[in-house]
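This report describes selected residues, a strand pairing and the pockets of one protein model. Please consult the sequence and the structure shown below while reading.

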Amino acid sequence: LSEEQLKTFKPGVCNRLDRNTSGLIIAGKSLKGLQTMSKMFKERTMDKYYFALVNGKIENKINIKGYLKKDERTNKVTIYKKEQKDSQLVETEYEPVLANNRITLLKVKLITGRTHQIRVHMASIHHPLLGDTVYNHNKCPFKLEGQCLHAKTIGFIHPTTKEYVEFEAPIPEYMEHLLKIL
């Protein structure tokens, strides 16, 4: 962007990641770009894939749904099987990529995108993320720099070319190290 353009527009971020989650962030460098990308996120027309390292062995691809309710006071969320007052429907799809008896690398597709969704969904099925100090109450046997959740790939139909495009972020070193162990 030129200095002249920066006088009338400041680039802005379209999505956010939970604290201690690594990976892709999308930003708009023009007002139209920012509005277009923000609309894609809001309308859920964008594919968002994460890599997650979780406790235990998962062998099958699964789609899980529930109702997420956030406690604003504690900034924690809870998953319920049935709709609750002030809850939001959440849906997550995951499939194992690598596994041993102790940990599994999952490819996770966000169908919806809510606060702490992947973290609390995985904890709710007794496979919490490694390094998650909020939803994983097991002591992690590895030294980690954050929870093992990485926004790996974002894909969408380009608004101008109408072609499907994907962007990827490399896995952080501490997760790579665990993958070598796995």
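## Histidine 177

Is H177 buried, partly exposed or exposed? The model is a predicted one, and in it H177 has a relative accessible area of 48%. Because buried residues fall under 20% and exposed residues over 50%, H177 is classed as partly exposed.

H177 belongs to helix 4, which covers residues 173-181. P159 is 18 residues away from H177 along the chain, and the C-alpha atoms of these two residues are separated by 38 Å.

## Cysteine 14

C14 is located in a loop, with strand 1 (12-13) on one side and strand 2 (22-23) on the other. The relative accessible area of C14 is 16%. The limit for a buried residue is under 20%, so C14 counts as buried.

Which residues does C14 contact, apart from its neighbours within four places in sequence? They are I26, A27, G28, L34, M37, S38 and F41. For M37, one of these contacts, the C-alpha atom lies 6.5 Å from that of C14, with their positions 23 residues apart in sequence.

## Strands 9 and 10

Strand 9 (residues 149-157) and strand 10 (residues 164-168) run antiparallel and are joined by five bridges. Across this pairing, I154 faces F167 of strand 10.

The two strands form a hairpin with six residues between them. In this hairpin K162 adopts a positive phi near 65°.

## The largest pocket

The largest pocket holds about 440 Å³ of space. Its lining is made up of 22 residues, and those closest to the centre are R16, Y50, L110, G113 and R114.

Which elements each supply at least two residues of this lining? Strand 4 (47-55), helix 3 (117-124) and strand 9 do so. Strand 9, which pairs with strand 10, is thus also part of the description of this pocket. By class, the lining comprises ten nonpolar, six polar and six charged residues.

## The second largest pocket

The second largest pocket has a volume of about 370 Å³. Among the 21 residues that line it, N20, R119, T133, V134 and Q147 are the closest to its centre.

How many residues of each class line the second largest pocket? Three are nonpolar, eleven are polar and seven are charged.

Technical notes. Residues are numbered from 1 along each chain as its sequence is written. This is a predicted model: local features need pLDDT of at least 70, side-chain atom pairs count only at pLDDT 80 or more; totals for chains, interfaces and linings use all residues. Side-chain values use heavy atoms; hydrogens and water are left out. Helices (H or I, at least four residues) and strands (E, at least two) are DSSP runs, numbered from the N terminus. Buried means under 20% relative accessible area, exposed over 50%, partly exposed in between (1.4 Å probe, protein chains only). Contact means heavy atoms within 4.5 Å. Two strands pair if DSSP finds at least two bridges between them. On a 1 Å grid over the protein atoms alone, a cavity is a set of points where a 1.4 Å probe fits but cannot get out, and a pocket is an open set with protein on both sides within 12 Å along at least five of seven lines; lining residues have an atom within 4 Å of a point. Grid points are joined across faces, edges and corners, and a volume is the space filled by probe spheres set on the points. Ala, Val, Leu, Ile, Met, Phe, Trp, Tyr, Cys and Pro count as nonpolar, Asp, Glu, Lys and Arg as charged, and the others, Gly among them, as polar.
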